[in-house]
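Student: Could you walk me through this one slowly, starting with how to read it?

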Amino acid sequence: MIYFFYGTDLEKRAEARDHIACSFDSQLEMNDVSWDAEKFENMAKSNSLFAPKQLIILENILENPEAKDFIFDRLDNLKESENVFIFLEKKALKDTVTKFGKYAKEVKEFTGAKGKEYKVD
């Protein structure tokens, strides 16, 4: 299952992520800097009859061109996975939103008020 949240309102994006994450005991996280194709492939494929579903949070992962191509080639598999994938992006091009729209359970844009800027420490 895939969720794709994007936009500049980091607070609302985090609330949406937390709303989904609250039903999971643990979560795995990866970002554009820590991208590892092999690790991601293992996370995506790990299904078990006895282990609970995993939550995998991918933050700004599409900023890495290698990761973007890798993920786009596997969106159909991610959609069918028992695990839940949350993609959090600062911005998304229209073609990216359209592509995720075909596979994601939810695609949502979070924009902040004009003139208001959010910064991450």
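Tutor: Let us begin with a definition: helices are DSSP runs of H or I with at least four residues, strands are DSSP runs of E with at least two, and both are numbered from the N terminus. Please also keep in mind that this is a predicted model. With those terms, we can place Ser 26 in the loop between α1 (10–21) and β2 (27–31).

Student: Ok, is Ser 26 buried or exposed?

Tutor: Ser 26 is exposed, because its relative accessible area is 53%, and a residue counts as exposed when that value is over 50%. Its C-alpha atom is separated by 7.2 Å from that of Gln 54, although the two residues are 28 apart along the chain.

Student: Let's zoom out, then: how many helices and strands does the protein have?

Tutor: The protein has five helices and five strands, and from the N terminus on they follow the order β-α-β-α-β-α-α-β-α-β. There are 121 residues, of which 37% are buried. If you take the contacts between residues at least 6 apart in sequence, 83% of them join residues at least 24 apart.

Student: What about β1, how much of it is buried?

Tutor: Five of the five residues of β1 are buried, so this strand is largely enclosed by the rest of the structure. The cover is on both faces, with Ile 2, Phe 4 and Tyr 6 buried on one side, and Tyr 3 and Phe 5 buried on the other.

Student: And which strands does β1 pair with?

Tutor: One partner is β4, which runs parallel to β1 and is joined to it by five bridges; there, Tyr 3 stands opposite Ile 86. Another partner is β5, which also pairs with β1 in the parallel sense, over four bridges, and in that pairing Phe 4 stands opposite Val 107.

Student: Switching to helices, which residues of α5 are buried?

Tutor: In α5, which spans residues 94–103, the buried residues are Thr 96, Val 97 and Phe 100. Looking down the helix axis, you would find them within an arc of 95°, so they line one face of α5. Lys 94 and Lys 102 are on the other side of the helix, where they are exposed.

Student: What covers that buried part of α5?

Tutor: The cover includes β1 (2–6), α3, α4 (75–80), β4 (84–89) and β5 (106–109). Phe 100 gives a good view of this, since beyond its neighbours within four places in sequence, its contacts include Ile 2, Phe 4, Ile 71, Phe 87 and Val 107.

Student: Which residues have the most contacts inside the largest nonpolar core?

Tutor: That core has 23 residues, and those with the most contacts inside it are Phe 40, Ile 61, Ile 71, Leu 78, Phe 87 and Phe 100. The elements that give two or more residues to it are β1, α2 (37–45), β3, α3, α4, β4 and α5, and α3 gives the most, with four residues. Apart from it lies another core, of 12 residues, among them Ala 16, Ala 21, Ile 86 and Phe 110. As background, nonpolar side chains tend to be buried together in soluble globular proteins.

Student: Tell me more about α3, please: which of its residues are buried?

Tutor: The buried residues in α3 include Ala 67, Phe 70, Ile 71 and Phe 72, and the buried part of this helix packs against α2, α4, β4 and α5. At the N-terminal end of α3, Asn 64 acts as a cap, with a side-chain oxygen 2.9 Å from the backbone nitrogen of Glu 66.

Student: One last thing, where does Asn 60 lie?

Tutor: Asn 60 is in the loop between β3 (55–59) and α3 (65–72). Although Asn 60 is not a glycine, it has a positive phi of about 55°, and it helps to know that most residues other than glycine have a negative phi.

Student: Is Asn 60 buried or exposed, and why?

Tutor: Asn 60 counts as buried, because its relative accessibility is 10%, and the limit for that label is under 20%. Leaving aside its neighbours within four places in sequence, Asn 60 is in contact with Asp 32, Leu 88, Glu 89 and Lys 90. With Lys 90, a polar atom of the Asn 60 side chain lies 3.2 Å from the backbone nitrogen.

Conventions:
Residues numbered from 1 in each chain as written. Predicted model: local features only at pLDDT ≥ 70, side-chain atom pairs only at ≥ 80, totals over all residues. Heavy atoms only, no water. Buried < 20%, exposed > 50% of the residue type's maximum accessible area, 1.4 Å probe, protein only. Polar contact = N/O pair within 3.5 Å; in protein donor to acceptor, adjacent residues only side chain to side chain. Contact = heavy atoms within 4.5 Å. Arc of directions from axis to C-beta. Pairing = 2+ DSSP bridges. Core = buried A, V, L, I, M, F, W, Y, C linked by side-chain atoms within 4.5 Å.
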